[in-house]
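Okay, thanks everyone for coming. I'll walk through one structure today, and you can follow along on the screen.

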Amino acid sequence: MTASDHMPEWQRFEQAHVWHPYASMCHPAPVYAVAGAEGVTLQFEDGRRVIDGMASWWCAIHGYNVPELNAAVERQLGRMAHVMFGGLTHRPAAELAEKLLAIAPAGMQHVFFADSGSVSVEVAIKMALQFWQAQGRSEKQRLLTIRHGYHGDTFGAMGVCDPVSGMHHLFSGMLSQHLFADAPAAATDAEWCDDDIASFSQLIETHHHEIAAVILEPLVQGAGGMRVYAPEFLRQVRRLCDRFDVLLIIDEIATGFGRTGTMFACEQSGVAPDIMCVGKALTGGYMTLAAVLCTARVCEGIHADGRGVLMHGPTFMANPLACAVACASIELLLATPWQQRVAAIEAQLADELACCRESERVADVRVKGAIGVIEMVEPVDVAAVQRQLIAMGVWLRPFGRLLYTMPPFVVTSGELGRVTAAMCSVVR
């Protein structure tokens, strides 16, 4: 008798017909059916309960079944679930834009709502390209970024993900050819060396005439390797962009809304972008929604040719339900001691994961805000490791050589201790 024989009919159908992220349809990896979620706990269909150390791919910062967010959805549902944004508008969109601009880095003045993080990157790239076209500088069509980056799964976004070590090397010959500098080695300003900016500096100096924008994940590179780099690198990049007249796009999709200890990671560099992407935690994990923020200079620049129509318009742009719950999520975040919570998570992760450095199987242990990473020497057997973790009551989603956690901010010390203990047990 196989495991599938114990599955309910709906799950057998799902296994046979429904794709999962980065998974084979013909030879599917194990998946676990979730019946419900409360706080930081997922309840499986078979009754097992696990602590979610992933915050559902980093977006459920308040945990699950949050009364304030539930109420926001219910209120908006009684008014309207959706209305097209072409030629129409609604209060939740205006309120969300106002809240975003109030907490965003200095200079952000305008908001474009998108469907997802990947789509927001597409929009940001379009903004940059249209900006230079409207200036009569259509030769500025390339992007500059650094190795180990990840910006999404759509084609424009894939073009600025690492073409060698990233997840999209299969498509490298089909993507726009952009410029990739070496990623900085320094993890902190104390470790900073001018060599960390040398590759980037050489590329922007040589190619600035054809570069529309630089795009970076600030301080923490997410799905490209969970790497942490020094704030000084971002400061240097900002200076070089200004010197060579190149726009700066900051991708805060994974790092925004407090994950690294400040509302947005770029604040730790004292740097403000020209264009910024936000997503993931924007709605507290309730709905898919992202946004692109930009300066008045970018907005006015797009209009410089007399047309100024930004060529993008998703069907579900500024969906009222998503905007309403995003407003509630931001309000809830600002009303809670999130800075102290993230600082406490950071301290506990640093303390309880430190012992893993002693293992010859471990290449590195790094912590930044509410992010804890154990980088192994060899690739992780995801299916086997997840079975071990679930047996210890913990849900994590390793990838490559990385075993990591990005828990909800509401995780208690005891719950987080179970996560770190499970991680250390797996390493042993």
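Let's begin with a single residue. Ser 56 has a relative accessibility of 38%, so we call it partly exposed. You'll find Ser 56 in helix α2, which covers residues 55–58. What caught my eye is the backbone: Ser 56 isn't a glycine, and yet its phi is positive, about 50°. Keep in mind that this is a predicted model.

There's another residue like that. Asp 245, also not a glycine, has a positive phi of about 55°. Asp 245 sits in the loop between α8 (231–244) and β10, and at 33% relative accessibility it counts as partly exposed.

Asp 245 comes up again when we look at a lysine. Lys 140 is in the loop between α5 and β5 (142–146). Is Lys 140 buried or exposed? Lys 140 is buried, and it has no salt bridge. The nearest side chain of opposite charge is Asp 245, and that is 5.7 Å away. A salt bridge here needs the nitrogen and the carboxyl oxygen within 4 Å, so a pair at 5.7 Å doesn't qualify. As for who surrounds Lys 140, leaving out neighbours within four places in sequence, its contacts include Trp 132, His 208, His 209, Glu 210, Phe 244 and Asp 245.

So where do charges actually pair up? The whole structure has 15 salt bridges. One of them brings together the side chains of Asp 189 and Arg 235, at 3.0 Å from N to O. Asp 189 is in the loop between β6 and α7 (195–207) and Arg 235 is in helix α8, so this pair ties together parts 46 residues apart in sequence. Asp 189 is partly exposed, with 34% relative accessibility.

Next pair: Glu 232 and Arg 239, whose side chains meet in a salt bridge at 3.6 Å, N to O. Glu 232 is buried, at 15% relative accessible area, while Arg 239 is partly exposed at 48%.

Then there's Arg 238, which forms a salt bridge with Asp 274, with the closest N and O atoms 3.0 Å apart. This one links distant parts of the chain, since Arg 238 belongs to helix α8 and Asp 274 to the loop between β10 and β11, 36 residues apart. Both partners are buried: Arg 238 has a relative accessible area of 12%, and Asp 274 is at 8%. Going back to the earlier pairs, shared partners join Asp 189, Glu 232, Arg 235 and Arg 239 into one salt-bridge network.

Now the sheet. There's an open sheet of 7 strands with mixed pairing, in the order β4-β12-β11-β10-β7-β5-β6. Which strands stand at the edges? Those are β4 (108–114) and β6 (179–181); each has a single partner strand, so one side of each is left without a neighbour in the sheet. On average, neighbouring strands are turned by 20° against each other, ignoring direction. Within the sheet, β10 (residues 247–251) and β11 (residues 275–278) run parallel and are joined by 3 bridges. Ile 250 stands opposite Met 276 in β11. Helix α5 packs on this sheet and touches β4, β5, β7 (211–216), β10, β11 and β12 (290–295), with its direction at about 25° to that of β12.

That helix leads us to the core. The largest nonpolar core has 132 residues, and Leu 96, Phe 200, Ile 204, Val 214, Phe 257 and Ile 374 touch the most other members. Helix α5 (residues 117–134) gives the largest share of this core, 9 residues. Apart from that core lies another one, of 8 residues, including Leu 69, Ala 72, Ala 328 and Leu 332.

Let's stay with Ile 374 for a moment. Not counting residues up to four places away in sequence, Ile 374 touches Leu 353, Val 365, Leu 402, Leu 403 and Met 423, among others. Strand β14 (residues 372–376) runs antiparallel to β16, and 4 bridges join the two. In that pairing, Glu 375 has Leu 402 as its bridge partner. In a regular strand the side chains alternate between the two faces of the sheet. In β16 (residues 402–405) both faces are covered, with Leu 402 and Tyr 404 buried on one side and Leu 403 and Thr 405 buried on the other.

That's my tour, so over to you for questions.

Notes:
Residues numbered from 1 in each chain as written. Predicted model: local features only at pLDDT ≥ 70, side-chain atom pairs only at ≥ 80, totals over all residues. Heavy atoms only, no water. Core = buried A, V, L, I, M, F, W, Y, C linked by side-chain atoms within 4.5 Å. Buried < 20%, exposed > 50% of the residue type's maximum accessible area, 1.4 Å probe, protein only. Contact = heavy atoms within 4.5 Å. Lys, Arg positive; Asp, Glu negative; His and termini not counted. Pairing = 2+ DSSP bridges. Axes fitted to C-alpha atoms, helices over the stretch in contact; angles between N-to-C directions.
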